Amino acid sequence: MADDTTSSTATESTARPPFAPWDRRDLPGSFDVAETARRVGNYKWTEMKLFEALGGWVATVPELDVKMRLGTHCYHHAWHAELWHKRLPELREMKPERLTVPANEAMERFIAAMTEPEAPELTIEKLVGVYRVLIPRFIAAYTYHLNNTSQITDAPTIRSLRHALDDEYADWCDGELMLQSLITTPEHVERATRHQAALEAIMVEAGGITGPGSIG
């Protein structure tokens with residue numbers, strides 16, 4: 001008669017987990033396909049608007065260093081919009097144009113207010129809207145998405161988010177350097193603070209780039 005303990009040991013699997021023991025990835029994330037497509041559509045719309053704004057300002061800002069950095073950054077956002085444009089048909093069987101929309105009416109107003117300063121002497125206001133309000137929101141929104149989506153089923157989106165985040169962090173640093181070089185008097189501080197507060201109020205009303213119930 002076979003010993004039960006010996007038999008159990010002989011048939012025990014020797015396979016090891018395919019991932020490191022600290023890896024706790026889950027198959028389902030917090031977003032289904034429809035929610036992911038909605039968010040990606042919001043990302044694409046906002047990236048396109050930022051590309052258009054920066055590209056338009058390149059011709060009018062008088063400061064050479066600012067002009068050069070805006071010229072570089074606007075193509076980062078064009079590329080991000082292209083990444084999201086390619087991702088949309090993989091998520092939903094809809095034309096990408098139908099999903100390329102703002103989160104809501106307040107988000108449209110935010111973009112209009114951010115791009116309103118046109119005069120050449122309003123470089124501080126231009127930079128504050130982009131680098132102290134919108135870019136930090138992009139960083140938060142993309143990080144929130146990374147932290148909540150499935151590491152397995154949404155891997156293509158994660159790859160695009162990481163590429164975009166690398167640019168957003170670098171551009172944010174450049175923007176802050178530019179602003180600190182321009183804000184040199186109490187009057188400049190007051191202009192920057194007032195404009196940032198006005199834009200933040202609209203962004204809070206919008207609930208962020210992807211609307212209420214999220215971060216960013």
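How exposed is E190, as a relative accessible area? E190 is partly exposed, with a relative accessible area of 40%; by the cut-offs used here, buried means under 20% relative accessible area, exposed over 50%, and partly exposed in between (1.4 Å probe, protein chains only).

The model is predicted, so local features need pLDDT of at least 70 and side-chain atom pairs count only at pLDDT 80 or more, while totals for chains, interfaces and linings use all residues. Residues are numbered from 1 along each chain as its sequence is written, and side-chain values use heavy atoms, with hydrogens and water left out.

**Overall make-up**

The chain has 8 helices and 0 strands, where helices (H or I, at least four residues) and strands (E, at least two) are DSSP runs numbered from the N terminus. Along the sequence the pattern reads α-α-α-α-α-α-α-α. Of the 216 residues in the chain, 42% are buried. The accessible surface of the chain is about 11700 Å², and carbon and sulfur atoms account for 57% of this surface; the areas come from the Shrake-Rupley method with a 1.4 Å probe, and for residues only the protein chains shown count as cover. Among contacts (heavy atoms within 4.5 Å) between residues at least 6 apart in sequence, 80% join residues at least 24 apart.

**Salt bridges**

A salt bridge is a side-chain nitrogen of Lys or Arg within 4 Å of a carboxyl oxygen of Asp or Glu. The whole structure holds 11 salt bridges, including the three in the table.

| Salt bridge | N to O distance |
|---|---|
| R109 and E105 | 2.7 Å |
| E205 and R109 | 2.6 Å |
| R194 and E190 | 2.3 Å |

R109 appears in two rows, with E105 as one partner and E205 as the other. E205 lies in helix α8 (residues 186-206) and R109 in helix α5, so this pair ties together parts that are 96 residues apart in sequence. R109 and E105, in contrast, are 4 residues apart in helix α5 (residues 105-114), about one helical turn. R109 is partly exposed at 30% relative accessibility, and E105 is partly exposed at 46%.

The partners R194 and E190 are 4 residues apart in helix α8, again about one helical turn. R194 is partly exposed at 48% relative accessibility. Elsewhere, a network of salt bridges links E35, R38 and R39.

**Helix α5**

The buried residues of α5 include A106, M107, F110, I111, A113 and M114. Seen down the axis of α5, the buried residues fall within an arc of 165 degrees, so they line one face of the helix; the arc is that of the directions from the helix axis to the C-beta atoms. Their cover includes α2, α6 and α8. At the N-terminal end of α5, N104 acts as a cap, with a side-chain oxygen 3.2 Å from the backbone nitrogen of A106.

**Aromatic pairs**

A pair of aromatic rings is described by the distance of the centres and the angle of the planes. Rings of Phe, Tyr and Trp (its six-membered ring) pair if their centres lie within 6.5 Å; planes under 30 degrees apart count as stacked, over 60 as edge-to-face and the rest as tilted. The structure holds 6 aromatic pairs. One of them joins F51 and Y75: the ring centres are 6.1 Å apart and the planes are at 55 degrees, so the pair is tilted. This pair links distant parts of the chain, since F51 is in helix α2 (residues 33-58) and Y75 is in helix α3 (residues 64-91), 24 residues apart. F51 is partly exposed at 29% relative accessible area, whereas Y75 is exposed at 55%.

A second tilted pair is formed by F138 and Y142, at 5.3 Å centre to centre and 40 degrees between the planes. F138 and Y142 both lie in helix α6 (residues 123-148), 4 residues apart, about one turn of the helix. Both F138 and Y142 are buried. Ring pairs also link F138 and Y142 with Y43 and W84 into a cluster.

**R87**

R87 is in helix α3 and counts as buried, at 8% relative accessibility. The side chains of R87 and D154 are joined by a polar contact of 3.2 Å. A polar contact is a pair of N or O atoms within 3.5 Å; within protein, one must be able to donate a hydrogen and the other to accept it, and residues adjacent in sequence count only if both atoms are side-chain atoms. Not counting residues up to four places away in sequence, R87 touches V40, D154, P156 and T157.
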